[in-house]
Amino acid sequence: MDDLFKNLGEKLGAFAGKWTAYAAFGSFLLYLIGYLTLRFQLSTYGLATDLDLFDEKYFFAGCRFLVYLVSSVPNILIVVILLCAIGYLPYRLTPASARSCLQQHLADWCARPLRLPLLGIVIAVIFIQLVMRRCFAFGNILLREQLPNAWISSVLLASDGRLTLYFSGLVAGTLLTAFIAWQALEHADSDNSAAQLFIGVLVFLVAVEFLLLPVNYGVLVSTQQLPRVADLPATVISQDTQRAWLLWYTKENFTYFIYGPKDHRMLLTIPRKDAPTKIVAYDDIYCILFSAEHAGSRPCPR
């Protein structure tokens, strides 16, 4: 018991000694994730603006993404538990000899140095090309008259629950390829140069998938709600039927999205001193703009 506490104390001491480095690396990751989130959020809105190299907005955006990412893990665990529960009974009913043969066949298949990384590369490429890159179709979306004619538009107009499940699917696919990459590293043959090359490509693709997670979050999730404002100057809102939402702000300017009759849309930047902002509500902007055109095949229930 004394040795256990001694080892634990040594590990805690070593961790405390490297705490500064861990904190710096974690802060860098949060800033990088937050930058990707905000950069693609603004490009989805169609807002052309320069982002400073260092801004606390990145840190808070990265924290929001991290919380949303962690909250999607229970959804993945529920699906995994259900699949395991469904497959448990057939597995137990299978004769022991058949189970042993299946396990041996799987072990032999994984022992081949090229098979696991090649499988991971195929899954990662298909997942990136057909699913994770689809969000790039949404550029300048607030100024478009209609959404792109693609299946990803139904995700943008989905309910909160379905949108959460979709993002959980993105996380699950990324974790699956990461698990395959980990297993490939475990079974790696240092003497096989082709296997080492395939593993390197797979690790690169896994890194791309992790970077595309905040991109998808910035395009599909963080853009949904916009704060509606009131009491703007008469030169900004000339008619009672026009509405304005706050898109972005800096130390000098506020940028608004103006929506009026006959589908009139405009992005307007005003000096901060001339635009007192009074937030009166938070609106689902995509339902307001696009739900009428997609009420049939792709409804927006919110």
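**Exercise 1.** In this predicted model, determine in which helix E209 is found, and establish which side chain makes a polar contact with the side chain of E209.

*Solution.* Begin with the secondary structure, where E209 is found in helix α8, which covers residues 193-221. Next consider burial and charge: E209 is buried yet has no salt bridge, and the nearest side chain of opposite charge, that of R133, is 12 Å away. Because a salt bridge requires a side-chain nitrogen of Lys or Arg within 4 Å of a carboxyl oxygen of Asp or Glu, R133 at 12 Å does not supply one for E209. Then turn to polar partners, where the side chain of E209 makes a polar contact with the side chain of T177 at 2.3 Å. Finally, leaving aside residues up to four places away in sequence, E209 touches A124, F127, I128, M132, G173, T174 and T177.

**Exercise 2.** Work out what span helix α3 (residues 56-93) should have at 1.5 Å a residue, and compare this with the distance between its end C-alpha atoms.

*Solution.* The expected span is 1.5 Å times one less than the number of residues, so the 38 residues of α3 should span 56 Å. The end C-alpha atoms of α3 are 57 Å apart, which agrees. The helix nevertheless has a kink of about 30 degrees at G87, shortly before the proline P90. As for burial, the buried residues of α3 include K57, Y58, F65 and I76.

**Exercise 3.** State how many helices and strands the protein has, and in what pattern they follow along the sequence.

*Solution.* The protein has nine helices and five strands, and the pattern read along the sequence is α-α-α-α-α-α-α-α-β-β-β-β-β-α. Of its 302 residues, 35% are buried.

Technical notes. Residues numbered from 1 in each chain as written. Predicted model: local features only at pLDDT ≥ 70, side-chain atom pairs only at ≥ 80, totals over all residues. Heavy atoms only, no water. Helix = DSSP H or I, 4+ residues; strand = E, 2+ residues; numbered from the N terminus. Buried < 20%, exposed > 50% of the residue type's maximum accessible area, 1.4 Å probe, protein only. Lys, Arg positive; Asp, Glu negative; His and termini not counted. Polar contact = N/O pair within 3.5 Å; in protein donor to acceptor, adjacent residues only side chain to side chain. Contact = heavy atoms within 4.5 Å. Bend = angle between axes of the 7 residues up to and from the residue.
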